Amino acid sequence: MTGKTRTFVLYPSLGVGHLIPMVELAKHLLRHGHGALIAVVNPPDTDAVSAAAVARLAAANPAIAFRLLPAPASPDVGAHPVKRDQDTLQLANPALRDLLLSLAGGADALLLDMFCVDALDVAAELGVPAYFFFASAAGDLAVFLNLPYLYPTLPSSFRDMGGALVRCPGMPPIQALDMPWSMRDRESDANKVRMYQWKRIPEGRGVLVNSFDWLEPRALRALGDGVCVPGRPTPRVFCIGPLVNDGSTTGESGERHECLAWLDAQPKRSVVFLCFGSKGAFSAAQLKEIARGLESSGHRFLWVVRSPPEEQGQSPEPDPDLGRLLPAGFVDRNRDRGMVVKNWVPQAQVVRHEAVGAFVTHCGWNSALEAIVSGLPMICWPLYAEQGLNKAFMVEEMKIAVALGRYEEFVKAEEVEAKVRLVMEAEEGRILRERLAVAREKALGATKEGGSSEVAFAEFLRDLDKSSSANGECN
Ligand code: UDP
């Protein structure tokens, strides 16, 4: 614990994928003796986090205060979801302002999700220091900060550049097709929102990043050298991670999932785990192809299957009809060596299980960090958001993963089989495992006393103290 106790207000963007990393940050703050309140915007909108989900998280984390901020959803119902979310967050500013004013001792700092840039206006008005919490790789931050300047100079939208390489400071060359979906069309409203958001991030006092120094030296050098944001100061970056869900955040430590009992009965490092984040889903044809690839690889597997995207859109998510979606007899035929689970497993616990030997992942950053702290080699299959970038970093820079070929179109059974065999049987797999063992040690070391992330966290607190004295403690 570092000196005085402070109260932080954490402000996630809409959706559970943004809320869970904030809960990890809150737990981190509490471990250091500070107070944490998470303000969750709750518009009457299906994409937002439901009050019931917040209540579940609150029950699992009683030391964290949660507040629901009632906010009108964007009036522009026909707008792109990225634009709608941005409008909704902007409309939530008065509710955030009221909350901050209502806090008895005030807030020492506001910790903002990367999309919550308009909350900077509230922070400025009330004189509360605002930092961002960037729950993705430092490499993503380097790219995003640079894109508002780089993108207008490129010959066309990423969508029309295919495999052409984009060069951002501090990054390996990145194929245009790996750029985030929301930014693929330069003229789209979604891209305009993102460019606006990335351009405002430097207005924050600094950025806390859920990563650690050893993992991303090149990106951190570029951020530190100030080359990502031309003509303006780059915000100070504090790598304080990895902050990862150990299963307790989402209340999963209570009853044990049946897949964990199944894993108990499998040999060490023998199981390929396939799971694609909170939203990843495949067409029926692609599911059948994955099934065929897994079957012909001969390896054991634990596979989380969702209904195809066109069958979703309801809440709760419909159960997939495995009999129809997978090849005839697949589940019965593979009963001895495979388990298919519908919709959700306690992933944080699965990746830590010693029976798991490889992880086929969509490359969401939380999944990547969970794999790293478990020393688990990854097979990348990016699906949405910034996952293509994460894939590029993990394969080319960090060398902790391999990627499936043609993941952006349709992955054939032969490719699934080949990459599973490569990681589970070949020399490349052995090298990956060695590299992951080192990454795991470095990740665990970073958050120990004297580790780089603990040092960075202490620096962040010192920076905050400086800002408070500069402001004359006016909040
Ligand atoms: N997760 C889980 N079970 C599942 C799917 C996902 O526990 O079946 C958790 C996973 O452990 C991670 C989060 O949900 O903590 C997904 O975050 P990530 O950043 O990987 O992907 P996103 O869902 O944001 O795309």
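The legends below accompany several views of a predicted model.

**View 1. The whole chain of the predicted model, with its 18 helices and 15 strands.** The radius of gyration of the chain is 22 Å, close to the 23 Å that the globule rule gives for 475 residues, so the chain is as compact as a globular protein of that length. Taken along the principal axes, the box filled by the C-alpha atoms comes to roughly 70 × 55 × 50 Å. Of the 475 residues in the chain, 47% are buried. Where contacts link residues at least 6 apart in sequence, 74% of them join residues at least 24 apart.

**View 2. The division of the chain into domain 1 and domain 2.** Domain 1 is assembled from the segments 7–137, 190–246 and 446–471, whereas domain 2 is given by residues 258–444. The centres of domain 1 and domain 2, taken over C-alpha atoms, are separated by 29 Å.

**View 3. Close-up of the contacts between domain 1 and domain 2.** On the side of domain 1, 21 residues take part, and these are in contact with 18 residues of domain 2. Helix H1, which covers residues 16–31, gives the most to the side of domain 1 that touches domain 2, contributing 4 residues. By residue class, this side of domain 1 divides into 11 nonpolar, 7 polar and 3 charged residues.

**View 4. The open sheet of 7 strands, with parallel pairing.** The strands follow the order S3-S2-S1-S4-S5-S8-S9 across the sheet. Strand S3 (65–70) and strand S9 (236–239) are the edge strands, each of which pairs on one side only. Neighbouring strands of this sheet are turned against each other by 25° on average, with direction ignored. At the S3 edge, strand S2 (residues 35–42) runs parallel to S3 and is joined to S3 by 6 bridges, and Val41 stands opposite Leu69 in S3.

**View 5. The surroundings of Val272 in strand S10, a strand of residues 271–275.** Val272 counts as buried because 23 C-beta neighbours lie inside 10 Å, where 20 or more are required. Leaving aside residues up to four places away in sequence, Val272 touches His299, Arg300, Phe301, Gly357, Ala358, Val360, Val420 and Met424. The C-alpha atoms of Val272 and Leu294, which are 22 residues apart along the chain, are separated by 8.8 Å.

**View 6. The cis peptide bond that joins Gly241 and Pro242.** The omega angle of this bond is about 0°. Pro242 is found in the loop between S9 and helix H9 (258–264), and S9 is an edge strand of the sheet shown in View 4.

**View 7. Arg269 and Arg406, shown as residues with positive phi, near 50° in Arg269 and about 55° in Arg406.** Neither Arg269 nor Arg406 is a glycine. Arg269 lies in the loop between H9 and S10, and Arg406 lies in the loop between strand S15 (401–403) and helix H16 (413–425). Arg269 is partly exposed, with 16 other C-beta atoms within 10 Å, whereas Arg406 is exposed, with 10 other C-beta atoms within 10 Å. A count of 12 or fewer is the cut-off for an exposed residue.

Notes: Residues numbered from 1 in each chain as written. Predicted model: local features only at pLDDT ≥ 70, side-chain atom pairs only at ≥ 80, totals over all residues. Helix = DSSP H or I, 4+ residues; strand = E, 2+ residues; numbered from the N terminus. Rg over C-alpha atoms; globule rule 2.2 N^0.38 Å. Contact = placed C-beta atoms within 7 Å. Pairing = 2+ DSSP bridges. Axes fitted to C-alpha atoms, helices over the stretch in contact; angles between N-to-C directions. Domains from an automatic or database assignment. Nonpolar A, V, L, I, M, F, W, Y, C, P; charged D, E, K, R; others polar.
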